[in-house]
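Please look over the sequence and the fold that follow before reading on. The paragraphs after them move from the chain as a whole to single residues and the pairs they form.

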Amino acid sequence: MRKIMCVAVPGKIIEINGDKAKVDIMNNTCEVNIRLVTVKIGDYVLIHAGCVIDVLKKDMAEEILSMFNELEEDANENPSAGKN
C-alpha cells in the first residue's frame with residue numbers, strides 16, 4: 001500500500017480580490033482562499049488544499065522553497081528513486 005502525504009507549500013501574494021488571492025507558487029500562479037488569515041500583497045503564505053493557512057516570514061518561505069527545489073533536482077537526477 002502506498003502512503004500519501006499532504007504537503008503545504010509557500011507562495012507569495014500577488015493580487016487580492018475579496019476572500020480570494022492570486023499567489024505565485026514557484027513561478028506558477030493559482031487562486032487561493034484567504035478567509036483564514038489577514039494578508040496583503042507581497043506577503044509570503046503557506047497554502048494547503050487551496051487555502052492560506054499561515055503567513056510566513058520571507059526567510060522561512062525562501063528556506064522551504066529551497067528544500068522543494070533540492071527535492072526536485074534529486075528527483076530529476078534519480079527518476080526511479082523512491083518508487084516501489
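A residue is called buried here when its relative accessible area is under 20%, exposed when that value is over 50%, and partly exposed in between. By this measure, buried residues make up 26% of the 84 residues in the chain. The model is a predicted one, and every value in this account is computed from it.

The chain has 1 helix and 5 strands, and when these elements are read along the sequence they follow the pattern β-β-β-β-β-α. Among the contacts in the chain with a separation of 6 or more, 36% are between residues 24 or more positions apart. The accessible surface of the chain comes to about 6,400 Å², and carbon and sulfur atoms account for 51% of that area.

One residue with such distant partners is P10, which is found in strand β1. P10 has a relative accessible area of 0% and is therefore buried. Leaving out residues up to four places away in sequence, P10 touches I25, V45, L46, L56, A61, I64, L65 and F68. Of these, L65 is 55 residues away from P10 in sequence, yet the C-alpha atoms of P10 and L65 are 7.0 Å apart in space.

A second buried position is N33, which lies in strand β3, a strand made of residues 28–33. N33 counts as buried because its relative accessibility is 17%, a value under the 20% limit. When its neighbours within four places in sequence are set aside, N33 is in contact with D19, K20, G50, C51 and V52.

D19, one of the residues in contact with N33, also leads to the charged pairs of the chain. Side chains of opposite charge can pair when their charged atoms come close. How many salt bridges are there in the chain? The count comes to 3 salt bridges.

In one of them, R35 pairs with D19, and their closest N and O atoms are 2.9 Å apart. This pair links distant parts of the chain, since R35 sits in the loop between β3 and β4 (44–48) while D19 sits in the loop between β1 (9–17) and β2 (20–25), 16 residues apart. R35 counts as exposed at 62% relative accessibility, whereas D19, at 38%, counts as partly exposed.

Another salt bridge joins the side chains of D43 and K40, with a distance of 3.0 Å from N to O. Are the two partners buried or exposed? D43 has a relative accessible area of 13% and so is buried, while K40, at 53% relative accessibility, counts as exposed.

The side chains of K58 and E62 also meet in a salt bridge, at 3.9 Å from N to O. Because K58 and E62 are 4 residues apart in helix α1, they are separated by about one helical turn. K58 is partly exposed, with a relative accessible area of 48%, and E62 likewise counts as partly exposed, at 39%.

Helix α1, which covers residues 58–77, also contains E77. E77 has a relative accessible area of 58%, so this residue is exposed. Together with E70, E72, E73 and D74, E77 forms a negative surface patch.

Methods
Residues are numbered from 1 along each chain as its sequence is written. This is a predicted model: local features need pLDDT of at least 70, side-chain atom pairs count only at pLDDT 80 or more; totals for chains, interfaces and linings use all residues. Side-chain values use heavy atoms; hydrogens and water are left out. Helices (H or I, at least four residues) and strands (E, at least two) are DSSP runs, numbered from the N terminus. Buried means under 20% relative accessible area, exposed over 50%, partly exposed in between (1.4 Å probe, protein chains only). Contact means heavy atoms within 4.5 Å. Accessible areas come from the Shrake-Rupley method with a 1.4 Å probe; for residues, only the protein chains shown count as cover. Patches are made of residues with over 30% relative accessible area and no salt bridge: like charges are joined within 9 Å, nonpolar side chains (Val, Leu, Ile, Met, Phe, Trp, Tyr) within 5 Å. A salt bridge is a side-chain nitrogen of Lys or Arg within 4 Å of a carboxyl oxygen of Asp or Glu. Lys and Arg count as positive and Asp and Glu as negative; His and the chain ends are not counted. The place of a charge is taken as NZ of Lys, CZ of Arg, CG of Asp or CD of Glu.
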